[in-house]
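Work through the exercises below with the sequence and the 3D view open. Each task is followed by a solution in steps.

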Amino acid sequence: MLVLHAGPAEVSALSAVGPAVGALIAVPLAPWVEFRRKRPVMIAMDLTRFAAMATIPVAYAFGRLGFVQLLVISVVVAAAKIAFNAASGAYLKALVRPDDLLVANARFESTNWSSIAVGPPLGGAAIGLFGPVTTVVADALSYLFSALGITAIGGREEAPQTTGKSPVRAGALLDGWRHILGHPGLRALYLNQMLVAGLIMATEPLLAVLLLRRLGFPPWQYGLAFAAPCVGGLIGSRLARRVVARYGRPWVFRTVGTLRAVWLIGLAFVGPGIVGLVTVMAVELAIIINMSLYTPVLATYRLEHTPKHLVARTLSAWSIGQQAAVAVCTALGGLLADVTSPRTALTVAGLLILATPLLLPRHDQMSQYEPEPSVP
């Protein structure tokens with residue numbers, strides 16, 4: 001928006017087209033990831049993202065930065081992200097004892113929200129002080145540091161066991177979806193997650209245009225609006241293990257899964273000034289607390305109910321479906337905002353997400369897989 005003067009449709013396209021095409025590219029990557037050592041795959045995906053992101057400041061310095069380049073980079077980063085996450089999930093299951101998976105996923109969730117809390121306000125300040133590509137340089141370097149961190153993990157990783165068949169056979173591309181759709185609990189959670197993630201993420205470019213262009217928020221306030229509520233991520237992720245122990249996972253999926261969806265409509269009422277800033281922060285805080293409690297429970301359930309030889313393909317299928325849903329919802333939201341207004345598109349997203357709890361698994365779909373909760 002600051003450099004290329006993009007409007008709602010272009011901002012939404014950048015958020016939609018890259019992930020959609022990246023998801024398609026990631027489909028044949030899933031079996032490739034499954035049958036290789038996961039740590040080298042993670043390092044390779046980090047280095048790929050570093051190289052792609054590093055081209056942005058170079059092009060900007062020579063005055064050649066364009067929208068098409070950003071789309072191509074978005075595709076590469078999206079595909080690499082899916083492959084990295086699939087390898088990461090499979091590697092985590094191999095590293096961590098089954099009883100500790102929920103704790104590990106909760107700590108990852110806590111770390112994720114901590115980084116988001118720090119990043120946006122620093123990024124907004126950096127853009128204001130040093131220009132718009134400063135944060136892109138930092139983002140590129142973060143992938144390089146991630147690769148170095150993964151390299152430092154000790155121990156030797158076992159080579160995956162393969163069958164006599166080629167891992168890239170046509171059927172292997174769909175094994176992840178077969179597993180998800182054949183499992184009643186995972187199927188319901190998958191469909192719900194696609195729509196919830198799609199509708200929530202579709203509001204990001206709409207809110208960026210509304211706050212930065214229509215309401216005149218400076219970049220540092222925009223960053224603060226999304227950073228401060230991330231404290232809720234620490235709260236939710238810390239509560240995950242206790243809540244599951246007390247109420248059980250079916251309760252978390254039904255109750256907390258519903259609470260994720262009821263707050264988004266509040267973004268349609270954001271106004272200018274300090275009241276508008278507080279409104280965004282309050283809505284985001286409520287969403288993030290519930291998301292950060294729900295997500296590690298979902299991640300643990302998904303790993304526990306996926307055979308070891310299918311983990312990478314299942315996680316890839318999950319990410320591809322979710323990313324495709326985000327792309328479709330974001331594109332439609334951008335078109336609607338272009339025809340009407342960003343506020344109208346935010347209202348529609350807020351109303352649609354209220355129906356997503358209907359897709360959450362019923363108690364009978366979950367209880368056959370779950371032990372009784374223990375009350376401490």
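**Exercise 1: The surroundings of helix 8**

The cover over the buried residues of helix 8 includes helix 4 (101-130), helix 7, helix 9 (231-247) and helix 11 (273-304). The model is a predicted one.

Task: Which residues in helix 8 are buried?

Solution. The buried residues in helix 8 are G223, A225, F226 and A227. Two of the helices named above are taken up in the next exercises.

**Exercise 2: Helix 7 against helix 8**

Task: Find the angle at which the axes of helix 7 and helix 8 cross, and name the kind of packing.

Solution.

Step 1. Two packed helices are described by the angle between their axes and by the distance between those axes.

Step 2. Helix 7 covers residues 184-214 and helix 8 covers residues 219-227; their axes come within 10 Å and cross at roughly 140°.

Step 3. Over 145 degrees would count as roughly antiparallel. The crossing is at roughly 140°, which makes helix 7 oblique to helix 8.

Step 4. The crossing of helix 7 past helix 8 is right-handed.

Step 5. On the side of helix 7, the contact is made by E204, L207, A208, L211 and L212. Helix 8 contributes P219, Y222 and F226.

Step 6. Sorted by class, this contact has seven nonpolar residues, one charged residue and no polar ones.

**Exercise 3: Helix 8 against helix 11**

Task: Are helix 8 and helix 11 roughly parallel or roughly perpendicular to each other?

Solution.

Step 1. The angle between helix 8 and helix 11 is about 30°, and their axes are 8 Å apart.

Step 2. Angles under 35 degrees count as roughly parallel, so helix 8 and helix 11 are roughly parallel to each other.

Step 3. Q221, L224, A225 and F226 of helix 8 make the contact with L277, V280, M281 and E284 of helix 11.

Step 4. The classes here are six nonpolar, one polar and one charged.

**Exercise 4: Helix 6 against helix 12**

Task: Describe how helix 6 (residues 175-182) packs with helix 12 (residues 311-339).

Solution.

Step 1. Helix 6 and helix 12 pack at an angle of about 80°, and the axes are 7 Å apart.

Step 2. The range from 65 to 115 degrees counts as roughly perpendicular, and helix 6 and helix 12 therefore are roughly perpendicular to each other.

Step 3. From helix 6, the contact involves D175, G176, W177, H179 and I180. From helix 12, R313, T314, A317, W318 and I320 take part.

Step 4. Five nonpolar, three polar and two charged residues make up this contact.

**Exercise 5: Two helix residues**

Task: Is E34 buried or exposed, and is L95 buried or exposed?

Solution.

Step 1. E34 is in helix 1 (residues 8-34). Buried means under 20% relative accessible area, so E34, at 4% relative accessibility, counts as buried.

Step 2. Leaving aside neighbours within four places in sequence, E34 is in contact with P160, K308, H309, L310, V311, A312 and R313.

Step 3. E34 is 49 residues from A83 in sequence, with 9.7 Å between the C-alpha atoms.

Step 4. L95 lies in helix 3 (residues 67-95). Exposed means over 50%, so L95, at 51% relative accessibility, counts as exposed.

Step 5. L95 and A13 are 82 residues apart along the chain, and their C-alpha atoms are separated by 38 Å.

**Exercise 6: Cysteines**

Task: How many disulfides are counted?

Solution.

Step 1. A disulfide is a covalent bond between the sulfur atoms of two cysteines.

Step 2. A pair counts if the sulfur atoms are within 2.5 Å, and by this rule the count is zero disulfides.

Step 3. C230 counts as buried at 1% relative accessibility, and C329 counts as buried at 17%.

Definitions and conventions. Residues numbered from 1 in each chain as written. Predicted model: local features only at pLDDT ≥ 70, side-chain atom pairs only at ≥ 80, totals over all residues. Heavy atoms only, no water. Axes fitted to C-alpha atoms, helices over the stretch in contact; angles between N-to-C directions. Helix = DSSP H or I, 4+ residues; strand = E, 2+ residues; numbered from the N terminus. Left-handed = near helix turned anticlockwise from the far one by under 90°. Contact = heavy atoms within 4.5 Å. Nonpolar A, V, L, I, M, F, W, Y, C, P; charged D, E, K, R; others polar. Buried < 20%, exposed > 50% of the residue type's maximum accessible area, 1.4 Å probe, protein only.
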